Amino acid sequence: MQYLAAIVAFICWQGCQGIDLRPYNVTALSMFVNNDLNQDGFFTLDEMHSSFTIYDTDHDGRVTRHEYTSYVNLHTPTLHDLSHALYDDYDVDHDHHLDEHDFQNLFNVMDADKDNRVSALEWEQYWVSQFIKYEHLHGHGHMGG
Ligand SMILES: [Ca+2]
Ligand SMILES: [Ca+2]
Ligand SMILES: [Ca+2]
């Protein structure tokens, strides 16, 4: 197990300077394309693992909050606040490490119809709801100091 990567990072590999994630469905779909590594139209647990590998900078198979947020901060500093919120969602048991069971749980949440693969539609529904939930943490100007 090694993984945990790019979910937040993709957002901005899309070139969204200024971090306006709207329209959310378009942002979500471009993330899907980046995460569906074999481009078969479904995001699988293997692909989730591959995606998250990027964040595991010490290669111990776990992704700490520090590893995750440092990576995001380095590449997309304007998503720093969002990265903490997403990490809290990913870290199901709140032990400050993302492990196999956390990835499995996240995957299950995304996989609404429980067929062990996340379709583009399932992905979009999950991510649009996340973007709305955390709207106060991204986009539309900085939070004041
Ligand atoms: Ca795939
Ligand atoms: Ca690690
Ligand atoms: Ca599914």
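**Figure 1. H59, an exposed residue in a loop.** With a relative accessibility of 64%, H59 counts as exposed, because exposed residues are those over 50%. This view, like the others here, comes from a predicted model. H59 sits in the loop that runs between α3 (45–53) and β2 (63–64). Take a look at its backbone too: phi of H59 is positive, at about 55°, although H59 is not a glycine. Why is that worth a close-up? Most residues other than glycine have a negative phi.

**Figure 2. H94, another residue with a positive phi.** Here the loop between α5 and β3 (97–98) comes into view, and H94 lies in it. H94 is not a glycine, yet its phi is positive, near 55°. Is H94 buried or exposed? Its relative accessibility is 53%, so H94 counts as exposed.

**Figure 3. A cis peptide bond between R22 and P23.** Follow the backbone from R22 to P23 and you reach a cis peptide bond, with omega about -10°. P23 is found in the loop between α1 (7–13) and α2. For background, most peptide bonds are trans.

**Figure 4. The site of the calcium ion (ligand 1).** Which residues hold the donor atoms here? The calcium ion (ligand 1) is coordinated by D36 (OD), N38 (OD1), D40 (OD), F42 (O) and E47, the last through two OE atoms, at 2.2 to 2.6 Å. Along the chain, these donors follow the spacing D-x1-N-x1-D-x1-F-x4-E. The angles among the six donor atoms run from 53 to 158°, so the arrangement is irregular. For comparison, ideal angles for six octahedral donors are 90 or 180 degrees. One of the donor residues, D36, counts as buried because its relative accessibility is 4%.

**Figure 5. The site of the calcium ion (ligand 2).** The protein donors in this view are D56 (OD), D58 (OD), D60 (OD), R62 (O) and two OE atoms of E67, lying 2.2 to 2.5 Å from the calcium ion (ligand 2). Reading along the sequence, you can spot the donor residues by their spacing, D-x1-D-x1-D-x1-R-x4-E. This site is irregular, with angles of 53 to 157° among its six donor atoms. How exposed are two of these residues, D60 and R62? D60 has a relative accessible area of 41% and is partly exposed; R62, at 28%, is also partly exposed.

**Figure 6. Helix α2 packed against helix α7.** Two packed helices are described by the angle between their axes and the distance between the axes. For α2 (residues 24–35) and α7, the axes come within 9 Å and cross at roughly 130°. The two helices are therefore oblique to each other. The crossing is right-handed. Residues making the contact include Y24, M31 and F32 of α2, together with W123, W127 and F131 of α7.

**Figure 7. Helix α5 crossing helix α7.** At what angle do α5 (residues 80–90) and α7 (residues 120–133) cross? Their axes cross at roughly 125° and come within 11 Å. This makes α5 oblique to α7. Once again you can see a right-handed crossing as α5 passes α7. On the α5 side the contact is made by L86, D89 and Y90, and on the α7 side by Y126, W127, Q130 and K133.

**Figure 8. The whole protein chain, to place the close-ups.** Seven helices and four strands are present, running α-α-β-α-β-α-α-β-α-β-α from the N terminus. Of the 145 residues in the chain, 48% are buried.

Technical notes:
Residues numbered from 1 in each chain as written. Chains lettered and ligands numbered in written order. Predicted model: local features only at pLDDT ≥ 70, side-chain atom pairs only at ≥ 80, totals over all residues. Heavy atoms only, no water. Donors = N, O, S within 2.8 Å, 3.2 Å for Na, K, Ca; no water. Tetrahedral: all angles 85-135°; square planar, octahedral: opposite > 155°, others 65-115°. Buried < 20%, exposed > 50% of the residue type's maximum accessible area, 1.4 Å probe, protein only. Axes fitted to C-alpha atoms, helices over the stretch in contact; angles between N-to-C directions. Parallel < 35°, antiparallel > 145°, perpendicular 65-115°, else oblique. Left-handed = near helix turned anticlockwise from the far one by under 90°. Contact = heavy atoms within 4.5 Å.
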